[in-house]
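Trainee: I am new to this structure and would be grateful for a close look at a single part of it. Please take one residue and explain its surroundings, then place it in the wider picture.

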Amino acid sequence: MPHEPSALTDEELVRSVLAGDREGFAALVGRYQGRLVNYLHRLVRDSDEAHDLAQEVLFRVYQALDRFDPQYRFSTWLFRVAQNAAIDVIRKRRFRIVPLGRPEADGGDGTWEPEIADAAPSALDRIEGSERDERVREAIATLPWEYRELILLRHYGELAYEEIARTKGMPLGTVKNKLFRARQLLKTALADGD
Amino acid sequence: MEHETYREWLDLAADGALPAADRELLGRHLAGCPECRAEAELLSGLVRRLAADRIPVRPGFTLEVMSALEPAPWEARTARAWRWPFALLVALGCAAAALYGSAAAGLDPAGHSWSALAALAGLLRAALVAGAGLAAATWSGVGAAIGDWLGRSPANWLAAGVLVVALNALAVRLVRRRAGASAPPPGRRR
């Protein structure tokens with residue numbers, strides 16, 4: 001079922017799907033599959049699991065498509081569902097989960113965030129990793145969660161700053177500030193490693 | 001302008017998120033600031049490395065997703081679900097129009113045939129009124145019969161109550177079974 005490249009916006013595609021055009025959803029899948037799989041892959045660190053989870057996320061989104069609020073961006077909704085799904089999967093692995101409860105550095109509300117220990121990369125990932133920049137991944141893994149999640153949303157989910165702000169419920173200025181700090185930390189970590 | 005502001009702009013510029021007007025200002029600053037130029041190169045390199053760190057999506061992923069999608073509860077409410085009933089209604093309307101048209105074509109406008117048509121319309125209206133009256137009379141008759149039956153014995157009230165509760169329970173069960181059939185199975189994959 002190949003999807004045609006579509007000039008419609010995400011929200012227009014959602015409307016067409018709700019009007020009965022199932023192919024519209026195929027276009028949305030085609031549009032987001034790369035970003036979704038890569039974003040989830042950075043969270044669950046397993047290629048097969050990232051694909052399965054992406055599929056599950058898309059199923060969930062399709063089932064609840066009539067509850068999509070068109071005043072928000074589709075991408076915002078999709079990645080919020082994806083992040084929740086990934087956190088559920090990681091929790092189920094029974095890896096170490098430590099609620100930190102530290103207040104956010106720049107005057108955040110101090111909400112508790114899970115610190116998720118990364119699973120060891122699978123054999124396939126290690127082979128694939130030889131072709132990719134493993135040091136970048138290691139540097140990302142050292143970031144505090146509040147910075148890491150924004151880096152993943154921006155550079156793997158390819159969300160715009162405004163979309164990240166909506167997904168995380170943060171002011172746009174906070175997103176810019178945190179991404180600035182995160183990239184400074186990454187830069188330093190990579191400079192130390194090189 | 002503060003040097004720190006330029007550093008923040010450098011970060012946004014490397015990420016492609018700096019507005020064009022600010023980019024121009026930043027460009028002018030970079031021309032005279034070797035420290036910021038070095039920082040800009042570092043940041044651009046970082047963003048390039050992040051952009052290159054990708055896994056390929058497995059072939060046929062879209063097809064996989066689309067073929068495994070189960071009907072969503074909302075699909076029954078879409079326009080497509082009403083396509084056939086609507087088409088039937090339109091077809092019936094067309095057939096009625098065709099019949100009416102062929103009947104009207106056989107009439108002689110110069111003669112008194114139009115009055116026959118008006119009489120036919122009056123007859124139809126009378127039939128409708130009579131049908132509605134008959135239905136109303138039937139319902140009131142049924143109501144009177146039930147009232148009469150209930151008045152005969154208190155046991156009849158009990159029997160009627162049991163019947164109403166049983167019918168409601170049956171309706172709830174049918175609705176639940178229908179909802180259960182449309183919900184996706186948990187943890188479904190491929």
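Mentor: Let us begin with A:Q33. Neighbours within four places in sequence aside, this residue is in contact with A:A54, B:V57, B:F61 and B:T62. Please keep in mind that this is a predicted model.

A:Q33 itself belongs to helix α2 of chain A. Is A:Q33 buried or exposed? A residue counts as buried if 20 or more other C-beta atoms lie within 10 Å of its own. A:Q33 has 21 other C-beta atoms within 10 Å, and is therefore buried. A further spatial relation concerns A:L58: 25 residues separate A:Q33 from A:L58 in sequence, while their C-alpha atoms are 9.2 Å apart in space.

The contacts of A:Q33 with B:V57, B:F61 and B:T62 lead to the meeting of the two chains. There, 37 residues of chain A are in contact with 32 residues of chain B. On the side of chain A that touches chain B, at least two residues each come from α2 (23–44), α3 (47–63), α6 (134–141) and α9 (172–193) of chain A. Among these, α3(A) gives the most, with nine residues. Sorted by class, this side of chain A has 15 nonpolar, twelve polar and ten charged residues. The helix that holds A:Q33, α2 of chain A, is thus one of the elements named above as supplying this side.

Let us now turn to the partner, chain B. What elements does chain B have? Chain B has seven helices and zero strands, and from the N terminus on its elements run α-α-α-α-α-α-α. Chain B has 190 residues, of which 10% count as buried. Of the contacts in chain B with a separation of 6 or more, 42% are between residues 24 or more positions apart.

One pair of helices in chain B merits a closer view. Two packed helices are described by the angle between their axes and the distance between the axes. Helix α1 (residues 3–14) of chain B packs against helix α2 (residues 20–31) of chain B at an angle of about 120°, and their axes are 10 Å apart. The crossing of α1(B) and α2(B) is left-handed. From α1(B), the residues B:Y6, B:W9 and B:A13 meet B:D22, B:R23, B:L26 and B:H29 of α2(B). By class, the residues of this contact of α1(B) with α2(B) comprise four nonpolar, one polar and two charged.

Conventions: Residues numbered from 1 in each chain as written. Chains lettered and ligands numbered in written order. Predicted model: local features only at pLDDT ≥ 70, side-chain atom pairs only at ≥ 80, totals over all residues. Helix = DSSP H or I, 4+ residues; strand = E, 2+ residues; numbered from the N terminus. Buried ≥ 20, exposed ≤ 12 C-beta atoms within 10 Å, placed from the backbone. Contact = placed C-beta atoms within 7 Å. Nonpolar A, V, L, I, M, F, W, Y, C, P; charged D, E, K, R; others polar. Axes fitted to C-alpha atoms, helices over the stretch in contact; angles between N-to-C directions. Left-handed = near helix turned anticlockwise from the far one by under 90°.
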